[in-house]
Amino acid sequence: MTEIRVRLTIDDPVPGVRYSLQQDDMPFEPVTAGEEPISFDVPITLHDDGRMTGPFVRREGKARRFVYIRIGTAAGDHATTLNRRAKIDVHDIPPALLDPARAGAVLEVGLPGRGKDGTPACATVRPIRGWRPVG
């Protein structure tokens, strides 16, 4: 069992909107977006059998593991009508990248910040830049 780090980078967040990770069922370290990308570093426990667990990891069924990014009211901003979560899959990180992660590399993925209507992307959000080791 090893702790790895993944970095979820929202390339084009909606300025003025609050984003946060979800830990348990609460917002964790919310940040209000400006014009620049925002990133969240997430610790994940990688088990020898490939399972991923930790305080930020959610599960669906036997294999699916994901991390939520909370948006708007869900991230603690009660002055907005936006109340969303973005689901970021981590179970599909390419196995070849797990060895660099075990050795200390951070695995980063680039995410879209906006849906087709220009509001914050939500539901299952697909990467616009695939997983890659950094640092």
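Biologist: Which residue is the bridge partner of Val 106 in E11?

Modeller: Val 134 is the E11 bridge partner of Val 106. Strand E9 (residues 106-111) and E11 pair in the antiparallel sense over four bridges. For the terms, strands (E, at least two residues) and helices (H or I, at least four) are DSSP runs numbered from the N terminus, and two strands count as paired if DSSP finds at least two bridges between them.

Biologist: Is this model predicted, and what are the ground rules?

Modeller: This is a predicted model, where local features need pLDDT of at least 70, side-chain atom pairs count only at pLDDT 80 or more, and totals for chains, interfaces and linings use all residues. Residues are numbered from 1 along each chain as its sequence is written, and side-chain values use heavy atoms, with hydrogens and water left out.

Biologist: OK, back to E11. What is the strand order in its open sheet?

Modeller: The order is E5-E4-E1-E9-E11, five strands with mixed pairing. Strand E5 (52-53) and strand E11 (129-134) are at the edges with a single partner strand each, so one side of each has no neighbour in the sheet.

Biologist: How many helices and strands does the chain have?

Modeller: One helix and eleven strands. Along the sequence the pattern reads β-β-β-β-β-β-β-β-α-β-β-β.

Biologist: And E7, is that strand buried or exposed?

Modeller: Strand E7 (residues 64-72) has nine of its nine residues buried, so the rest of the structure largely encloses it. Buried means under 20% relative accessible area, exposed is over 50%, and partly exposed is in between, using a 1.4 Å probe and protein chains only.

Biologist: Which strands does E7 pair with? Start with E8.

Modeller: E7 and strand E8 (residues 83-89) are antiparallel, with seven bridges. Ile 71 stands opposite Arg 84 in E8. Strand E6 (residues 57-60) is also antiparallel to E7, joined by four bridges, and Arg 59 has Arg 65 in E7 as its bridge partner. Then there's strand E2 (residues 18-23), antiparallel to E7 over three bridges, where Leu 21 is matched with Ile 69 in E7.

Biologist: What does the E6 and E7 hairpin turn look like?

Modeller: Three residues lie between the two strands, and Gly 61 in the turn has a positive phi of about 70°.

Biologist: How about the hairpin of E2 and E3?

Modeller: That hairpin has two residues between the strands, and Asp 24 takes a positive phi near 55°. E2 and E3 pair in the antiparallel sense over five bridges, with Gln 23 partnered by Met 26 in E3.

Biologist: What is the phi of Glu 29?

Modeller: Near 50°, so positive in a residue other than glycine. Most residues other than glycine have a negative phi. Glu 29 sits in strand E3 (residues 26-32) and is exposed, at a relative accessible area of 58%.

Biologist: And what phi does Ala 123 have?

Modeller: Ala 123 has a positive phi of about 65°, and it is not a glycine either. Ala 123 belongs to strand E10 (residues 123-124) and counts as partly exposed at 48% relative accessibility.

Biologist: Where is Pro 120?

Modeller: In the loop between E9 and E10. Pro 120 is buried, with a relative accessible area of 3%.

Biologist: Which residues does Pro 120 touch?

Modeller: Not counting residues up to four places away in sequence, Pro 120 touches several, including Val 14, Val 17, Tyr 19, Ile 71, Leu 82 and Arg 84. Contact here means heavy atoms within 4.5 Å. Pro 120 and Arg 85 are 35 residues apart in sequence, with their C-alpha atoms 9.2 Å apart.

Biologist: Changing topic: what is the radius of gyration of the chain?

Modeller: It's 14 Å, which agrees with the value near 14 Å for a compact globule of 135 residues. The radius is taken over C-alpha atoms, and the globule rule is 2.2 Å times the number of residues to the power 0.38. The C-alpha atoms fill a box of roughly 45 × 25 × 25 Å along the principal axes.

Biologist: What share of the 135 residues counts as buried?

Modeller: 44% of them. Among contacts between residues at least 6 apart in sequence, 62% join residues at least 24 apart.
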